[in-house]
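This briefing is for a reader who has not seen this structure before. Please look over the sequence and the model shown here before reading on.

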Amino acid sequence: QVQLVESGGGLVQPGGSLRLSCAVSGRIFGLYSMGWYRQAPGEQRELVADITSTGITNYADSVKGRFTISRDNTKSTMYLQMNSLKSEDTAVYYCNAQYGSTWWGKGTLVTVSS
């Protein structure tokens with residue numbers, strides 16, 4: 001069973017930065033395609049960014065130029081560096097892993113507010 005644990009969420013002012021982490025159990029992390037999704041209150045869950053096992057990245061238009069996804073296969077961890085945060089980035093952020101099956105973390109709340 002693969003387990004994903006997000007951390008790094010919190011309250012930040014507009015224009016600020018946060019870095020989210022997703023620690024993944026399992027011995028084949030390097031083979032997983034990984035992604036960050038978010039869900040705002042009353043909204044559907046949406047893709048924020050993803051990264052393949054070979055490091056190819058993809059971003060939602062709303063976060064391009066502000067967010068950076070990365071992974072450290074030696075630590076079985078994925079990251080999301082979020083800069084220039086806006087109020088509309090407020091959401092629960094979920095970590096996702098795919099390799100045949102799909103696994104989700106429980107989420108971490110990011111609140112952007114003054």
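The points below cover the core, the strand pairings, the salt bridges and some surface residues.

The model is a predicted one. Its largest nonpolar core has 30 residues, and the structure holds four salt bridges. D89, a residue in the loop between β8 and β9, comes up several times in what follows.

**Nonpolar core**

- The residues with the most contacts inside the largest core are L4, M34, W36, L80, M82 and Y93.
- Seen by element, two or more residues each come from β3 (18-24), β4 (33-39), β5 (46-51), β7 (67-72), β8 (77-82), β9 (91-99) and β11 (108-112).

**Strands β7 and β8**

- β7 and β8 run antiparallel and are joined by six bridges.
- One of the residues of β7, F67, has M82 in β8 as its bridge partner; M82 is also among the core residues with the most contacts.
- The two faces of β7 differ in cover: F67, I69 and R71 lie on the covered face, while T68, S70 and D72 lie on the uncovered one.
- The hairpin of β7 and β8 has four residues between the strands, and S76 takes a positive phi near 50° there.

**Strand β9 and its partners**

- β9 pairs with β4 in the antiparallel sense, over seven bridges.
- In that pairing, W36 has C95 of β9 as its bridge partner, and W36 is another of the core residues with the most contacts.
- β9 is also joined to β11, again in an antiparallel arrangement, by three bridges.
- Y93 is matched with T108 in β11 as its bridge partner; Y93 too is listed among the core residues with the most contacts.
- A further antiparallel pairing, over four bridges, is with strand β10 (residues 101-104).
- In β10, S101 is the bridge partner of Y99.
- One residue lies between the strands in the hairpin of β9 and β10, where G100 takes a positive phi near 80°.

**Salt bridges around D89**

- D89 counts as buried because its relative accessible area is 0%, and buried means under 20%.
- R38 forms a salt bridge with D89, with 2.9 Å between the closest N and O atoms.
- R38 lies in strand β4 and D89 in the loop between β8 and β9, so this pair ties together parts that are 51 residues apart in sequence.
- Both R38 and D89 are buried.
- D89 forms a salt bridge with R66 as well, the closest N and O atoms being 2.7 Å apart.
- That pair links distant parts of the chain, since R66 is in the loop between β6 and β7 and D89 in the loop between β8 and β9, 23 residues apart.
- R66 counts as buried, at 11% relative accessibility.
- Through salt bridges that share partners, R38, E46, R66 and D89 are joined into one network.
- The side chain of D89 also has a polar atom that lies 2.8 Å from the backbone nitrogen of K86.

**The salt bridge of K64 and D61**

- The side chains of K64 and D61 meet in a salt bridge, at 3.2 Å from N to O.
- D61 counts as exposed, at 64% relative accessibility, whereas D89 is buried at 0%.

**Surface residues**

- I28, L31 and Y99 make a nonpolar surface patch of about 270 Å².
- Within this patch, L31 is found in the loop between β3 and β4.
- L31 counts as partly exposed, with a relative accessibility of 44%.
- Y99, another member of the patch, is the residue whose bridge partner in β10 is S101.
- T54 is found in the loop between β5 and β6 (57-59).
- T54 is exposed, since its relative accessible area is 65% and exposed means over 50%.
- A polar contact of 3.0 Å joins the side chain of T54 to the side chain of T52.
- T54 and C22 are 32 residues apart along the chain, and their C-alpha atoms are separated by 18 Å.

Definitions and conventions. Residues numbered from 1 in each chain as written. Predicted model: local features only at pLDDT ≥ 70, side-chain atom pairs only at ≥ 80, totals over all residues. Heavy atoms only, no water. Core = buried A, V, L, I, M, F, W, Y, C linked by side-chain atoms within 4.5 Å. Buried < 20%, exposed > 50% of the residue type's maximum accessible area, 1.4 Å probe, protein only. Polar contact = N/O pair within 3.5 Å; in protein donor to acceptor, adjacent residues only side chain to side chain. Patch = residues over 30% accessible without salt bridge, like charges linked within 9 Å, V, L, I, M, F, W, Y side chains within 5 Å. Areas by Shrake-Rupley, 256 points an atom, 1.4 Å probe, with all protein chains shown as cover. Pairing = 2+ DSSP bridges.
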